Amino acid sequence: MLRHARFALTPEPAPVLLRAGIAVLVEVIVVFFAVRFALVAAGHPDEGLTHAVLPAVFGGIFGFLGSLGGSLRSGLLRGFGLSLVALPLTLVAIASRDVPWAAGASLAAMTVLAGALAWRGEPLATLGSLLLYLYFLPLVFGAGKGVPLRYLLIGFSVMIVLNLVLRAVASLVPHRQKPDRVKATDEKPAHVAADGRFALVPEPQLTRLHRTTIRSALGLGVGAVVMSMTGNHNAVWVLMTLIALIPPQLPLTIDRVLQRLAGTAVAMVVLTVIDSAVPPGPLRLLALAPGIVLTIAFVRRSYALSVLGVSTVAVLAYAQVSAPLGEALLWRGLDTIVGAVIAIVVTLVIPVGTRPQPVWSR
């Protein structure tokens with residue numbers, strides 16, 4: 001047992017995407033302040049200004065992340081397409097959030113779409129993951145809810161232009177220092193058929209992915225219904241744990257659960273230090289920067305470190321930099337455990353492979 005646990009927390013043989021993490025951090029900073037300035041210039045009041053900026057920031061993160069790597073032309077096309085589709089996905093998420101059946105059905109549908117793309121391997125698996133998160137974040141956090149449409153249009157327009165400019169700037173970086181392309185899985189590039197279509201991955205992997213997608217859609221769909229019905233922040237944290245543990249393109253393993261719990265535990269220690277050592281206010285924004293970089297840089301190398309990063313960012317954003325972190329820390333830790341238990345139950349009810357999951361991955 002201890003040997004398995006030690007191997008579970010050992011870094012994977014995958015590169016650290018440090019340059020990609022730094023590039024995304026720069027993009028977040030530039031887009032946040034540029035959109036904020038544009039909304040103020042357009043007459044948006046100070047009250048609720050950050051709430052109005054966040055939808056464009058969320059969309060910009062995944063639009064820019066999906067543009068990295070490859071040639072300049074392909075990067076610009078990917079960045080433009082993902083950044084553009086972020087707006088309609090956000091609008092649908094806003095409209096669905098307070099209608100339980102709509103929230104559940106829409107998130108389940110996006111999960112199935114992401115899974116169907118993963119059935120054809122990379123790079124479509126990564127495309128599906130990006131689309132899923134473009135919809136997921138506005139849905140769970142209600143980003144953009146109550147913001148007039150014209151301000152959303154302004155914010156997303158500014159974000160799209162900046163993402164294209166920043167992607168062009170990234171192409172000027174010397175080859176060895178360019179940000180790497182991020183992949184959602186470790187799969188090799190999918191086979192492209194003679195007609196130009198991506199072929200399905202071979203069996204038995206395809207059947208496993210079918211079952212993984214089904215249980216992910218059921219788990220996330222039911223979670224979204226509960227979140228919408230209750231409006232409780234605990235349901236938000238549980239849903240965030242579920243999407244991390246039972247995504248449509250990766251089977252759940254005990255390793256992944258342990259990494260999630262370990263990353264959250266370390267994040268609680270780090271955030272406790274921040275809460276006691278850094279007074280509430282703008283100084284806490286400095287903690288968001290390494291959190292964003294860790295999330296991206298270690299997404300394939302070490303899931304535990306990636307969770308440490310995203311948990312730090314999520315708790316600070318939830319509690320806001322001007323509020324105490326104690327309550328947010330308590331619920332974040334408890335809800336992570338609840339989400340992990342639910343994920344394990346779902347995988348036992350819908351097993352993947354010859355024996356019920358989760359199992360050790362190595």
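**Exercise 1. Which residue follows helix 2, and what is the sign of its phi?**

Solution. The structure is a predicted model, and the angle is taken from it. Helix 2 is followed by Gly43, whose phi is positive, near 100 degrees. For comparison, most residues other than glycine have a negative phi.

**Exercise 2. Compare the span of helix 2 with its expected span, and describe its burial.**

Solution. Step one concerns length. Helix 2 covers residues 18–41, which is 24 residues, and at 1.5 Å a residue these should span 34 Å. The end C-alpha atoms of helix 2 lie 35 Å apart, in agreement with that expectation.

Step two concerns burial, for which the cut-off is under 20% relative accessible area. The buried residues of helix 2 are Ala20, Gly21, Ala23, Val24, Leu25, Glu27, Val28, Val31, Val35, Ala38 and Leu39.

Step three identifies the cover. Helix 3 (49–65), helix 7 (149–171) and helix 11 (285–297) are included in what covers the buried residues of helix 2.

**Exercise 3. Determine the surroundings of Leu49.**

Solution. Leu49 belongs to helix 3. Its relative accessible area is 2%, so Leu49 is buried. With neighbours within four places in sequence set aside, the contacts of Leu49 are Arg36, Leu39, Val40 and His44. Leu39 is one of the buried residues of helix 2. As for Val147, 98 residues separate this residue from Leu49 in sequence, while their C-alpha atoms are 9.3 Å apart in space.

**Exercise 4. Is Thr90 buried or exposed, and what does its side chain reach?**

Solution. Thr90 is located in helix 4. Its relative accessibility is 2% and the cut-off is under 20%, so Thr90 counts as buried. The side chain of Thr90 reaches the backbone oxygen of Ala86 at 2.7 Å. Apart from neighbours within four places in sequence, Thr90 is in contact with Pro55, Pro138, Ala143 and Phe156.

**Exercise 5. Locate two cis peptide bonds, at Pro123 and Pro204.**

Solution. Glu122 and Pro123 are joined by a cis peptide bond with omega of about 5 degrees. Pro123 sits in the loop between helix 5 (100–118) and helix 6. The bond from Glu203 to Pro204 is also cis, its omega being near 0 degrees. Pro204 is placed in the loop between helix 7 and helix 8 (205–230). As background, most peptide bonds are trans.

**Exercise 6. Characterise the second largest pocket and its lining.**

Solution. The volume of the second largest pocket is about 240 Å³. Of its 13 lining residues, Arg78, Pro123, Thr126, Leu127 and Arg181 are the closest to the centre. Helix 4 (72–96) and helix 6 (124–141) are the elements that give two or more residues to this lining. Helix 6 contributes the most, with four residues. By class, the lining comprises seven nonpolar, two polar and four charged residues. Pro123, among the residues closest to the centre, is also part of the cis bond with Glu122.

**Exercise 7. How many of the 13 residues of helix 9 are buried, and which are they?**

Solution. Helix 9 (residues 233–245) reaches 19 Å from its first C-alpha to its last, close to the 18 Å expected at 1.5 Å a residue. Twelve of its 13 residues are buried, so helix 9 is largely enclosed by the rest of the structure. They are Asn234, Ala235, Val236, Trp237, Val238, Leu239, Met240, Thr241, Leu242, Ile243, Ala244 and Leu245.

How values were computed:
Residues numbered from 1 in each chain as written. Predicted model: local features only at pLDDT ≥ 70, side-chain atom pairs only at ≥ 80, totals over all residues. Heavy atoms only, no water. Expected span 1.5 Å × (residues − 1). Buried < 20%, exposed > 50% of the residue type's maximum accessible area, 1.4 Å probe, protein only. Contact = heavy atoms within 4.5 Å. 1 Å grid on protein atoms, 1.4 Å probe; cavity = no way out; pocket = protein on both sides within 12 Å on 5 of 7 lines; lining within 4 Å. Points joined across faces, edges and corners; volume = space filled by probe spheres on them. Nonpolar A, V, L, I, M, F, W, Y, C, P; charged D, E, K, R; others polar. Polar contact = N/O pair within 3.5 Å; in protein donor to acceptor, adjacent residues only side chain to side chain.
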